[in-house]
Amino acid sequence: MPTLERVHTERLSAPDDLAGFKAAVRRLVAQQLAPQSVQWQMAGDGDLFDDGSLPEIQPGRGTAAAAPFRLPAEMVSLFDNAALHADPGRFALLYRLVWRLLAEPGLRDDPLDADRLLAERMARAVRRDMHKMTAFVRFRPLPGNRHMAWFEPEHHTLVATAPFFARRFAQMHWAILTPGRSATWDGHALAFGPGARREDAPGPDAGEQLWLTYYAHIFNPARLKPAMMQKEMPRRYWKNLPEAQLIAPLMHEAMQRSGRMVEEAASDPQHRRPAASIALRLDQRPAETAAPGTLDALRLATAACRACPIGQHATQAVHGEGQPGAALMLVGEQPGDQEDLRGQPFVGPAGQLLRRALEQLGWSRDALYLTNAVKHFKYELRGKRRLHKTAGQKEAAICSQWLEREIALVQPRAAIALGATAARSLLGRPVAIGASRGQWLRRADGLPVLVTLHPAALLRMEAPDPEAAFADWLADLRAAAPIMAGDEEPADRPPQPDGRHRATGPGGVARRPG
Ligand code: URA
């Protein structure tokens, strides 16, 4: 008569109890309990299959027949990841693998073994889940500078992923709620608690509108690849992503736009007009001649510039926009894809964000001059796409002659450097934007320069609270409000020892000599 195999039940305190699992594996191996004699349960699971025929094995009990063992490093990381998979059979599989690795050393070198393949597939899914969490968690602000996010991971990945958020958002107090677990960070330590319900997390609020606006701005129909987009941002995450509600209408609009672009025979970015043809075109257009010493003459001269290689590949030079005598000059890095095609600064996504900021500040366009440190679009071709490439220091230095001539013709009362390239070109030295943002620095000619982030940096930033990031940026820009208001500037304040002028309101900006 066949004997009924007796089964031992091993209980773990939670589905992500990695330490408990490892301790149990060591104990079970020491007790020589074969995988088929062990079943795994999580606290809270029913005892349906537990026949109770074996006593619980306590740490330290048993025969300890097997010597202590060590798994190869790549196996340890495979186990750490696969153990967090949602499949209820994962612990049985992983224990079987340990058991077999000890008995069949050749298994280490058999990448096609079915157990190994399955464990690797689980580990990959877990890594992907962790990655998705880092990309798709959206914190919402709560009173008291606290933030909370709701997320539904596919696997038991919150505990393993939380340190990423603690590093990234170290200054914030935040909580991430998931159905299985919650994590909180108080600025010093991580703590984990039970799972939560979606209703426990804050719903959409006004701040979300800003994030939606960002998303709509950075959504580039030319780069729309719906299949790829859904692969990167699978539909299951959409319900918790504020921007997801925009995807369908933006896709629809993008398709209509691409239809129109095809009808209009869109420009082919791979066939740029060579420099000579631009010069010829300019020569052939009498209306393009301009009185010397004017911004128009400067625009024509800039268009013909080939002092560095960038101009060879761009569609056209993008000159500044505004009138001589504008109170404030805003200087960006270089034209982007859309600016290059349209020949105007700040008309693409970063420009839209900038224009939105200017609207909120109530700054009249007539009092502004918008330009860039570098006048041609530098890019690299990736397939048919032109990806922005930051101009090199040499290229920016060569191009600064055009910016200097713009400053001389416009004679602004102050300038704002949007980002590091602009700050370096305006001030002639490298400037750490993080440390100097919101501060007035002074050029050798006395022109006060307010330093802040480039709008593209805000669009790229994975800020937990985009509204707050935008508000900080507006606060930086607002330091130039007295210039825009035409306030009489107070007498020169002596520069601080490091040459800085802290933006403290109207008093922070000194009059420009001459
Ligand atoms: N970024 C810039 O720096 N300038 C532009 O004109 C557009 C994007």
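**Close-up 1. A cluster of aromatic rings.** In this predicted model, ring pairs join Phe21, Trp40, Phe91, Tyr95 and Trp99 into a cluster. The structure as a whole holds 13 aromatic pairs. One of them is formed by Trp40 and Tyr95, and it is edge-to-face, with 6.0 Å centre to centre and 70 degrees between the planes. This pair links distant parts of the chain, since Trp40 sits in strand S2 and Tyr95 in helix H3, 55 residues apart. Are these two partners buried or exposed? Trp40 has 12% relative accessibility and therefore counts as buried. Tyr95, at 0% relative accessibility, counts as buried too.

**Close-up 2. Helix H3 and its packing partners.** Here we follow helix H3, which covers residues 90-103. At 1.5 Å a residue, its 14 residues should span 20 Å, and the end C-alpha atoms are indeed 20 Å apart, so expectation and model agree. Which residues of H3 are buried? They are Arg90, Phe91, Leu93, Leu94, Tyr95, Leu97, Val98, Arg100 and Leu101. As a reminder when looking along a helix, an α-helix has 3.6 residues a turn, so residues three or four places apart point the same way. The buried residues of H3 pack against two strands, S1 (8-12) and S2 (38-42), and against helices H1 (18-30), H2 (73-82) and H4 (114-136).

**Close-up 3. Pro35 beside helix H3.** Now look at the loop between H1 and S2, where Pro35 has its place. Pro35 counts as buried because its relative accessibility is 13%, under the 20% cut-off. Which residues does Pro35 touch, leaving aside those up to four places away in sequence? The contacts are Tyr95, Arg96 and Trp99. Tyr95 and Trp99 also belong to the ring cluster of the opening view. Between the C-alpha atoms of Pro35 and Phe91 there are 10.0 Å, although the two residues lie 56 residues apart along the chain.

**Close-up 4. The largest cavity.** Our last stop is an enclosed space: the structure holds two cavities of 30 Å³ or more, and the largest has about 90 Å³ of space. What lines the largest cavity? Its lining consists of Thr302, Cys305, Arg306, Ala307, Cys308, Ile310, Val374, Lys375, His376, Ile398, Cys399 and Trp402. Helix H15 (residues 393-410) gives the largest share of this lining, three residues. Sorted by class, the lining has eight nonpolar, two polar and two charged residues.

Key:
Residues are numbered from 1 along each chain as its sequence is written. This is a predicted model: local features need pLDDT of at least 70, side-chain atom pairs count only at pLDDT 80 or more; totals for chains, interfaces and linings use all residues. Side-chain values use heavy atoms; hydrogens and water are left out. Helices (H or I, at least four residues) and strands (E, at least two) are DSSP runs, numbered from the N terminus. The expected span of a helix is 1.5 Å times one less than its number of residues. Buried means under 20% relative accessible area, exposed over 50%, partly exposed in between (1.4 Å probe, protein chains only). Contact means heavy atoms within 4.5 Å. On a 1 Å grid over the protein atoms alone, a cavity is a set of points where a 1.4 Å probe fits but cannot get out, and a pocket is an open set with protein on both sides within 12 Å along at least five of seven lines; lining residues have an atom within 4 Å of a point. Grid points are joined across faces, edges and corners, and a volume is the space filled by probe spheres set on the points. Ala, Val, Leu, Ile, Met, Phe, Trp, Tyr, Cys and Pro count as nonpolar, Asp, Glu, Lys and Arg as charged, and the others, Gly among them, as polar. Rings of Phe, Tyr and Trp (its six-membered ring) pair if their centres lie within 6.5 Å; planes under 30 degrees apart count as stacked, over 60 as edge-to-face and the rest as tilted.
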